[in-house]
Amino acid sequence: HGNIERIKCDNCKSLADKAHFLTMAVCENCHQDKLRPDVILFGEQLPQDVWNCAIDEVEKSELLIVIGTSLEVYPANQLPKMTKGKTV
């Protein structure tokens with residue numbers, strides 16, 4: 001979930017250069033030392049707008065194809081249960 005090549009500030013969410021992250025520099029926007037790859041790690045919540053969009057799309061799908069997951073991790077494992085269509 002996300003992009004490991006993109007760097008963002010965990011504080012203000014602005015994008016940053018990879019070089020700043022690798023040199024452990026502070027965010028140029030808010031000057032906090034919270035730069036990190038733009039990915040969701042285990043134990044972190046998905047952004048609410050992304051989650052809501054996923055739910056909306058699943059609920060209106062006629063066919064949901066689930067590939068490449070064990071469906072063990074909550075809350076994503078709940079998505080197939082939310083469709084009114086067929087699940088493969």
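Helices (H or I, at least four residues) and strands (E, at least two) are DSSP runs, numbered from the N terminus. The model is predicted: local features need pLDDT of at least 70, side-chain atom pairs count only at pLDDT 80 or more, and totals for chains, interfaces and linings use all residues. Residues are numbered from 1 along each chain as its sequence is written, and side-chain values use heavy atoms, with hydrogens and water left out.

**Exercise 1. Determine the surroundings of Val 58.**

Step 1. Locate the residue: Val 58 belongs to helix 2, residues 48-59.

Step 2. Classify its accessibility. Buried means under 20% relative accessible area, exposed over 50%, and partly exposed in between (1.4 Å probe, protein chains only). With a relative accessible area of 8%, Val 58 is buried.

Step 3. List its contacts (heavy atoms within 4.5 Å). Leaving aside residues up to four places away in sequence, Val 58 touches Leu 64, Leu 79, Met 82 and Thr 83.

Step 4. Set sequence against space: Ala 76 is 18 residues from Val 58 in sequence, and the C-alpha to C-alpha separation is 11 Å.

**Exercise 2. Derive the strand order of the three-stranded sheet and identify its edges.**

Step 1. Apply the pairing criterion: two strands pair if DSSP finds at least two bridges between them.

Step 2. Count the bridges for strand 1 (residues 2-9) and strand 3: five bridges join them, and the two run antiparallel. Among the residue pairs, Ile 7 has Pro 37 of strand 3 as its bridge partner, and Cys 9 stands opposite Leu 35 in strand 3.

Step 3. State the order. The three strands form an open sheet, 2-1-3, with antiparallel pairing. Strand 2 (15-16) and strand 3 (35-39) each have a single partner strand, so one side of each lacks a neighbour in the sheet.

Step 4. Examine the cover of strand 3: five of its five residues are buried.

**Exercise 3. Find the residues with positive phi that are not glycine, and the cis peptide bond.**

Step 1. Inspect Lys 13, in the loop between strand 1 and strand 2. Its phi is positive, near 70 degrees.

Step 2. Inspect Met 24, in the loop between helix 1 (18-22) and strand 3. Met 24 has a positive phi of about 60 degrees; with a relative accessible area of 73%, Met 24 is exposed.

Step 3. Inspect omega. The peptide bond joining Tyr 74 and Pro 75 is cis, with omega about 10 degrees. Pro 75 lies in the loop between strand 4 (63-64) and strand 5 (86-87).
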